[in-house]
Amino acid sequence: MVQLGLSVLRLMRRHGWRLSLVAGAVVVAGCALKEPPTHSAVVKQALPQGTRIPGTWRAGDRAGEVGNGWVAQFNDPALRAIVDEAIAHNPDLRAAAARVAIAQQTVVVVGSKLLPSIGIGLNARALDDQDRGSTGSTAVFLSAGWEADVWGRLRAQQAAAQAGYQATALDYAWARQSLAATTAKLWYVAIESRQLLALCEQAVDIYTRLSTLVQDRRRAGKVSDLDVVDMQARLEQAQGDVQAARQAYGESRRALELLLGRYPAAEIEVATTYPTVQAMSPAGVPAALLERRPDVLAAEQAVVAAFRNQESAELALLPSFGLSLGGGRFSDTVLSLLRLNPWLATAAVGVSVPVYEGGALQAQVVIATEQQARLVARYGAVALAAFWEVENALAAEPFLAAQLPLEQKSLASRQDAVRIATVQYTAGRRDLLWVSQLQAGALQTEAGVIRLGSTLLVNRVRLAQALGSSYDGTPAAAIGGPLAAASPSAGAGS
């Protein structure tokens with residue numbers, strides 16, 4: 001191999017001035033890449049003409065910077081535990097993490113095209129002749145090739161891969177936050193289901209006592225058979241409601257276990273009461289949302305990747321330049337006798353000019369251009385959807401916060417009415433229909449209070465997710481981490 005290197009160097013000394021001149025011209029002629037679209041340019045192009053982002057949220061002006069760690073605001077240690085379990089074991093999130101690793105290595109693969117490729121070939125052959133003995137031959141060959149990125153096509157591809165990796169990492173960050181939010185929402189839905197099941201079981205006890213009371217009064221001749229049958233029907237209905245509530249409770253627990261990566265056996269322990277909710281956190285301003293939410297940032301990086309792909313497609317119409325070096329030695333028994341086993345070395349500079357491709361290259365430019373337009377439109381859709389989610393959650397918050405204490409007061413009043421009516425019925429001053437209607441109204445109101453408490457908590461989770469707040473202390477958009485590879489140079493090729 002030392003002799004091989006000497007042969008290549010000898011060739012370089014003999015023709016090196018020509019190769020150096022060509023290579024130097026290729027390096028100097030390297031063109032800079034275009035500047036990618038700015039954030040403001042993407043927003044302006046993506047949103048429909050006339051769409052203006054207001055300075056404050058229309059549904060409520062809550063000044064202040066959006067914080068992180070929204071799980072801690074619920075004062076619910078059990079919630080934090082199951083969110084951590086979901087983050088650690090959810091299969092879909094593990095798949096998303098694998099996609100990030102794939103995108104990261106794709107940057108390395110695409111970037112390798114900017115570097116020389118070197119290969120070594122070895123070959124040996126033996127021939128056994130019974131009359132003349134054994135003969136053989138060997139060959140060793142070293143080759144190196146490099147495509148000079150004169151116009152920046154390869155650098156544009158590398159920049160597209162890096163933007164694609166960043167978009168994938170941000171998608172993972174959003175999947176992580178969405179998983180935490182979905183887990184929290186299912187946790188409170190499961191608590192709601194458990195409380196509704198307990199209420200249905202309570203209703204069975206209530207109607208059982210009323211049914212006993214009605215039967216006693218029927219035997220005393222104070223009520224008719226109609227009262228007995230009516231109350232029996234209400235009891236049976238309550239027993240049926242218990243079965244439906246048990247099914248709903250099991251389904252909510254199985255859904256939660258599925259998120260946690262557990263077998264869906266409906267065995268997870270669920271709290272019996274809701275936590276005390278703290279005051280709402282600041283919501284920031286709408287424009288800041290576009291620079292904080294991972295899914296919006298991922299859509300923007302997808303636009304940048306499409307911009308680079310479109311640039312690469314246009315540069316593919318230009319000539320490409322390549323440099324190749326090679327050398328080796330072929331050894332054979334007969335040639336050895338004649339002393340004809342030379343060391344060979346070659347060097348070449350090539351130019352490839354696309355002349356006719358059947359319209360394929362132009363079609364690739366059109367495809368890349370339309371792909372960029374599609375992703376710009378998608379960015380607009382993602383941004384508007386993000387605004388919509390925040391405005392909806394903000395608008396719902398004051399109504400829910402005001403409705404819950406009113407419903408709780410109404411429940412207390414209805415329960416007092418049921419107590420008074422039951423006493424009056426026992427004394428013979430009210431009929432059974434009056435008591436049963438009041439009791440049904442009280443149970444319905446209590447069910448509404450349970451559902452409203454869950455809705456308020458779920459809306460808080462929905463608002464935190466919509467604002468791009470992280471479930472833990474790390475900003476959501478930072479979960480993807482920095483780019484593994486350096487950003488492509490916007491200057492001359494080298």
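**View 1. Lining of the largest cavity in the predicted model.** The residues that line the largest cavity comprise 10 nonpolar, five polar and one charged. The cavity holds about 230 Å³ of space. Its lining has 16 residues, and Trp-70, Gln-73, Ser-281, Arg-460 and Ala-464 are the closest to its centre. Across the whole structure, a search finds two cavities of 30 Å³ or more. Rolling a probe the size of a water molecule over the atoms shows where empty space is left.

**View 2. The largest pocket and the helices around it.** The volume of the largest pocket is about 400 Å³. Its lining is made up of 19 residues, and those nearest the centre are Leu-199, Cys-200, Ala-203, Asp-241 and Leu-443. At least two lining residues come from each of helix H5 (153-219), helix H6 (225-259) and helix H11 (432-466). Helix H6 contributes the most, with eight residues. Sorted by class, the pocket lining contains 13 nonpolar, three polar and three charged residues.

**View 3. The kink in helix H10.** Helix H10 covers residues 360-426 and has a kink of about 25 degrees at Glu-397. The proline Pro-398 follows shortly after the kink. An α-helix has 3.6 residues a turn, so residues three or four places apart point the same way.

**View 4. Gly-428, just after helix H10.** Where does a positive phi of about 85 degrees occur? Gly-428 takes this value, just after H10.

**View 5. A nonpolar patch on the surface.** Four residues form this patch: Val-351, Val-353, Val-355 and Tyr-356. Together they have about 500 Å² of accessible area. One of them, Val-351, is found in strand S4, which covers residues 343-352.

Terms used
Residues numbered from 1 in each chain as written. Predicted model: local features only at pLDDT ≥ 70, side-chain atom pairs only at ≥ 80, totals over all residues. Heavy atoms only, no water. Patch = residues over 30% accessible without salt bridge, like charges linked within 9 Å, V, L, I, M, F, W, Y side chains within 5 Å. Areas by Shrake-Rupley, 256 points an atom, 1.4 Å probe, with all protein chains shown as cover. Salt bridge = Lys/Arg side-chain N within 4 Å of Asp/Glu carboxyl O. Helix = DSSP H or I, 4+ residues; strand = E, 2+ residues; numbered from the N terminus. Bend = angle between axes of the 7 residues up to and from the residue. 1 Å grid on protein atoms, 1.4 Å probe; cavity = no way out; pocket = protein on both sides within 12 Å on 5 of 7 lines; lining within 4 Å. Points joined across faces, edges and corners; volume = space filled by probe spheres on them. Nonpolar A, V, L, I, M, F, W, Y, C, P; charged D, E, K, R; others polar.
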